Amino acid sequence: ETRTIRPLLILLEFYNTGSYSKTHQEKSKVITPKEYTNIYIKYNNYIDTLDISNESKKRKLWTTRKLFNFCIDINKTNIKQITIEDVYDFVDTLAYMKISTIRIIKTNLRQMFNWLYQEKIISISGNRIYPIFRWGRNCT
């Protein structure tokens, strides 16, 4: 019965929203490890001040929690222990995701590490981890 209703539901969703999802997956729950709770709360407070959509805020915080869980898995229990290689290794674990999603995650990581650097919490900036390359007419 689902096979006959699904196309109609997709059509209805497209009609109502202008797009449709291939699948409607449940949101994954990623908890904040207790070792990183304080820094997460500070970053969350900072994210709340940004003039961006709630979905963007959720995505940035999801990326942060996911990284912190990865760090716990590799026995890095302090933000100052995280190296550039750790960040690259974390992103490598996301190879199953779409390239566009990974690009967003890298941007979120760059922004988070830039904030940590500006707050003098760590000594590595996000721009050092993921530099921004600008191409234009004057570039060679």
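A residue counts as buried here when its relative accessible area is under 20%. By that cut-off, buried residues make up 32% of the 140 residues in this protein. What you have open is a predicted model, so let's walk through it one selection at a time.

**Start with the whole chain**

Switch to a cartoon view. You should find 6 helices and 0 strands, running α-α-α-α-α-α from the N terminus on. Among contacts with a separation of 6 or more, 53% join residues 24 or more positions apart. If you turn on the surface, the accessible area comes to about 10,500 Å², and carbon and sulfur atoms hold 53% of that.

**Stop 1: residues 2-17**

Leave the surface on and select Ile5, Leu9, Leu12 and Tyr15. These residues make a nonpolar surface patch of about 450 Å². Zoom in on Leu12, which is found in helix H1 (residues 2-17). Is Leu12 buried, partly exposed or exposed? With a relative accessible area of 45%, Leu12 is partly exposed.

**Stop 2: residues 54-73**

Next, select helix H3. Its 20 residues reach 29 Å from the first C-alpha to the last, close to the 28 Å expected at 1.5 Å a residue. Now show the side chains of its buried residues: Lys57, Lys60, Leu61, Trp62, Thr63, Thr64, Arg65, Leu67, Phe68, Phe70 and Cys71. Which helices do the buried residues of H3 pack against? Colour helix H2 (37-49), H4 and helix H5 (99-118) to see these partners.

**Stop 3: Asn75**

Step off the end of H3 into the loop that leads to H4, where Asn75 lies. Most residues other than glycine have a negative phi. Asn75 is not a glycine, yet its phi is positive, at about 65 degrees. Asn75 counts as exposed, because its relative accessibility is 63% and the cut-off for exposed is over 50%.

**Stop 4: Asp86**

Carry on to helix H4 (residues 84-92) and pick Asp86. Asp86 is buried, with a relative accessible area of 8%. What does the side chain of Asp86 make a polar contact with? Show the side chain of Lys76: the two side chains are 2.6 Å apart in this polar contact. To see more of the surroundings, add Phe70, Ile74 and Gln81, which along with Lys76 are in contact with Asp86 once its neighbours within four places in sequence are left aside. You have already met Phe70, as one of the buried residues of H3.

**Stop 5: residues 99-118**

Select helix H5. It has 20 residues and reaches 28 Å from its first C-alpha to its last, close to the 28 Å expected at 1.5 Å a residue. The buried residues to display are Ile102, Ile105, Asn108, Leu109, Arg110, Met112, Phe113, Asn114, Trp115 and Leu116. Bring back H2, H3 and H4, and add helix H6 (126-129): what covers the buried residues of H5 includes these four helices.

**Last stop: Lys120**

Just after H5 comes Lys120, with a positive phi of about 60 degrees. Lys120 is not a glycine either, and its place is in the loop between H5 and H6. Is Lys120 buried or exposed? Lys120 is exposed, with a relative accessible area of 71%.

Conventions:
Residues numbered from 1 in each chain as written. Predicted model: local features only at pLDDT ≥ 70, side-chain atom pairs only at ≥ 80, totals over all residues. Heavy atoms only, no water. Helix = DSSP H or I, 4+ residues; strand = E, 2+ residues; numbered from the N terminus. Buried < 20%, exposed > 50% of the residue type's maximum accessible area, 1.4 Å probe, protein only. Polar contact = N/O pair within 3.5 Å; in protein donor to acceptor, adjacent residues only side chain to side chain. Contact = heavy atoms within 4.5 Å. Patch = residues over 30% accessible without salt bridge, like charges linked within 9 Å, V, L, I, M, F, W, Y side chains within 5 Å. Areas by Shrake-Rupley, 256 points an atom, 1.4 Å probe, with all protein chains shown as cover. Salt bridge = Lys/Arg side-chain N within 4 Å of Asp/Glu carboxyl O. Expected span 1.5 Å × (residues − 1).
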